[in-house]
Amino acid sequence: MIMKTHMISSCLVALVIYLLLCGPNYASEQKTTELNRKMAEISSLQQGLSKKIALVMQKQEQLRQKVDELEKEIKLEKAQLQTESYLKAIRNPRIEFNLKLIQLLFGYITGLTDKISHFQNGYETLDFFQQQARDDLLMIQTLNDMEIDELIAQINSVLDEFIPELDKPVFDTNDIPSKDTEKIWNEIIQPQKAKG
């Protein structure tokens, strides 16, 4: 009976020692795996954001080129008709149409600029969290689970915000800021007045 009790005690002590030594190791391995998975998700999202930023910048440049073309057309019409005032200029359907189109394009360009800034902020935030995850991986033995769980929650929050953005349109055309066409007219003809 004493031998049996001693054997059970020895087994229990061995089990407790095993759990003390291996339990934290198992938890550390889980956290390491989870942080590595989050870092891979961050990298994937950053690649997607980079592509989206490049696409938006390309579209923005195309719109700027179209604005330049329309401004040249307005200047040509203005010179041909010898129109100096805005009120006379908008009586010409071509000038009025071009001014309204420029107005719309400026709104799109502004919306694209805001979106680029939003995506770049997201990219930088992800960069920060990825660096923090790398640092935490190096120190995972000394960190407690709460700190790692908090970091993972922050990463998940940013991932949840930006992953859906990759599949959505860049911006809503209903929320376009509008610049006054008279102001656009004055900006177009202003350089000519300064020269003349």
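**Exercise 1. Place glutamate 77 and work out which charged partner, if any, it has.**

Step 1: Find the residue. Glutamate 77 sits in helix H1; helices here are DSSP runs of H or I with at least four residues, numbered from the N terminus. Bear in mind that this is a predicted model, where local features need pLDDT of at least 70 and side-chain atom pairs count only at pLDDT 80 or more, while totals for chains, interfaces and linings use all residues. Residues are numbered from 1 along each chain as its sequence is written, and side-chain values use heavy atoms, with hydrogens and water left out.

Step 2: Check burial and charge. Glutamate 77 is buried, meaning under 20% relative accessible area (over 50% is exposed, in between is partly exposed; 1.4 Å probe, protein chains only). Still, glutamate 77 has no salt bridge; that would take a side-chain nitrogen of Lys or Arg within 4 Å of a carboxyl oxygen of Asp or Glu. The nearest side chain of opposite charge, arginine 94, is 5.8 Å away. (Lys and Arg count as positive, Asp and Glu as negative; His and chain ends aren't counted.)

Step 3: List the neighbours. Leaving out residues up to four places away in sequence, glutamate 77 touches Asn92, Arg94 and Ile95, with contact meaning heavy atoms within 4.5 Å.

Step 4: Follow two of those names. At the start of H3, a side-chain oxygen of asparagine 92 comes within 2.7 Å of the backbone nitrogen of arginine 94.

**Exercise 2. Compare the settings of two salt bridges, glutamate 41 with lysine 38 and lysine 115 with glutamate 165.**

Step 1: Glutamate 41 and lysine 38 pair at 3.5 Å, N to O. They are three residues apart in helix H1, so about one helical turn separates them. Glutamate 41 is partly exposed at 28%, whereas lysine 38 is buried at 9%.

Step 2: Lysine 115 and glutamate 165 pair at 3.0 Å, N to O. Lysine 115 is in helix H3 and glutamate 165 in the loop between H4 and H5, so this pair ties together parts 50 residues apart in sequence. Both residues are buried.

Step 3: For the tally, the whole structure has seven salt bridges.

**Exercise 3. Find which helix gives the largest share of the largest nonpolar core.**

Step 1: That core (buried Ala, Val, Leu, Ile, Met, Phe, Trp, Tyr and Cys joined through side-chain atoms within 4.5 Å) has 37 residues.

Step 2: H1, H2, H3, H4 and H5 each supply at least two of them, and H3 gives the largest share, 12 residues.

Step 3: Zoom in on leucine 99, among the residues with the most contacts inside the core. Beyond four places in sequence, leucine 99 contacts residues including Ile74, Tyr86 and Trp185.

Notes: Helix = DSSP H or I, 4+ residues; strand = E, 2+ residues; numbered from the N terminus. Polar contact = N/O pair within 3.5 Å; in protein donor to acceptor, adjacent residues only side chain to side chain.
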